[in-house]
Amino acid sequence: MDKVTVSFTVFFENPFWVGVFERSVSYKGEMLVTAAKITFGAQPSDAQVYEYLLEHYRNLRFSPPVSTKLKTAVKNPKRLQREIHRAVKSSGMGTKSQQALALMREENHKAALLRKREMRKLQRER
């Protein structure tokens, strides 16, 4: 049976309040994480966030899935801390949702470049 986990985090990213909607799905022994970023103006109340999600969930643009391994057993806390430090050094800073958002930004940038090339080509042909 597949397990789906959803979380929504609101935080202040100067000068706006930002919400990150994370969706995790277990699939074939690994966890697939996708994320969508929502920019609010002023600090939203709980009711505003709930209403926004009800009305605009279908329109959210989620990032491509990023795979992570499922956690199986609890490890010694000291060993776990050492592994975390090694992982942060090798993969850089950021959570999986931040990495997924960065991947989505890169793909959007590539798509925009392709559109610009096509527009230039059409303008040259005229």
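Helices and strands here are DSSP runs, numbered from the N terminus. The model is predicted. This briefing covers a pocket, two nonpolar cores, a cis peptide bond and several individual residues. β1 (4–13), β2 (16–27) and α3 (96–125) each place at least two residues in the lining of the second largest pocket. The largest nonpolar core numbers eight residues.

**Second largest pocket**

- Its volume is about 170 Å³.
- Thr 9, Phe 11, Glu 13, Val 20, Glu 22, Lys 37, Thr 95, Ser 97, Gln 98, Leu 101 and Arg 105 line the second largest pocket.
- α3 contributes the most to this lining, with four residues.
- Sorted by class, the lining holds four charged, four polar and three nonpolar residues.

**Nonpolar cores**

- In soluble globular proteins, nonpolar side chains tend to be buried together.
- The largest nonpolar core is made up of Phe 21, Ala 36, Ile 38, Phe 40, Val 49, Leu 53, Leu 60 and Phe 62.
- Two elements, β3 (30–40) and α1 (46–56), give two or more residues to this core.
- β3 provides the largest share, three residues.
- Another core, of six residues, lies apart from this one; Val 20, Ala 35, Ala 100 and Met 104 are among its members.
- Val 20 also appears in the lining of the second largest pocket.
- Ile 38, a member of the largest core, touches Phe 8, Trp 17, Val 18, Gly 19, Tyr 52, Leu 53 and Leu 60, leaving aside neighbours within four places in sequence.

**Tyr 52 in α1**

- Tyr 52 sits in helix α1.
- Its relative accessible area is 27%, so Tyr 52 is partly exposed.
- Beyond neighbours within four places in sequence, Tyr 52 is in contact with Ile 38, Phe 40 and Tyr 57.
- Ile 38 and Phe 40 belong to the largest nonpolar core.
- Tyr 52 and Lys 69 are 17 residues apart in sequence, and their C-alpha atoms are 31 Å apart in space.

**Two buried serines**

- Ser 24 belongs to strand β2.
- Ser 24 counts as buried because its relative accessibility is 13%, and the cut-off for buried is under 20%.
- Setting aside neighbours within four places in sequence, Ser 24 is in contact with Lys 3, Val 4, Thr 5, Met 31, Leu 32 and Val 33.
- Ser 63 lies in the loop between α1 and β4.
- Ser 63 has a relative accessible area of 4% and is therefore buried.
- The contacts of Ser 63, neighbours within four places in sequence left aside, are Thr 34, Ala 35, Ala 100, Leu 101 and Met 104.
- Of these partners, Ala 35, Ala 100 and Met 104 are members of the six-residue core.
- Leu 101 is one of the residues lining the second largest pocket.

**Loop features**

- Lys 75 is found in the loop between β4 (66–69) and α2 (77–91).
- With a relative accessible area of 43%, Lys 75 is partly exposed.
- The side chains of Lys 75 and Glu 83 are joined by a polar contact of 3.2 Å.
- Pro 15 is in the loop between β1 and β2.
- Most peptide bonds are trans.
- The peptide bond from Asn 14 to Pro 15 is cis, with omega near 5°.

Conventions
Residues are numbered from 1 along each chain as its sequence is written. This is a predicted model: local features need pLDDT of at least 70, side-chain atom pairs count only at pLDDT 80 or more; totals for chains, interfaces and linings use all residues. Side-chain values use heavy atoms; hydrogens and water are left out. On a 1 Å grid over the protein atoms alone, a cavity is a set of points where a 1.4 Å probe fits but cannot get out, and a pocket is an open set with protein on both sides within 12 Å along at least five of seven lines; lining residues have an atom within 4 Å of a point. Grid points are joined across faces, edges and corners, and a volume is the space filled by probe spheres set on the points. Ala, Val, Leu, Ile, Met, Phe, Trp, Tyr, Cys and Pro count as nonpolar, Asp, Glu, Lys and Arg as charged, and the others, Gly among them, as polar. A nonpolar core is a set of buried Ala, Val, Leu, Ile, Met, Phe, Trp, Tyr and Cys residues joined through side-chain atoms within 4.5 Å. Buried means under 20% relative accessible area, exposed over 50%, partly exposed in between (1.4 Å probe, protein chains only). Contact means heavy atoms within 4.5 Å. A polar contact is a pair of N or O atoms within 3.5 Å; within protein, one must be able to donate a hydrogen and the other to accept it, and residues adjacent in sequence count only if both atoms are side-chain atoms.
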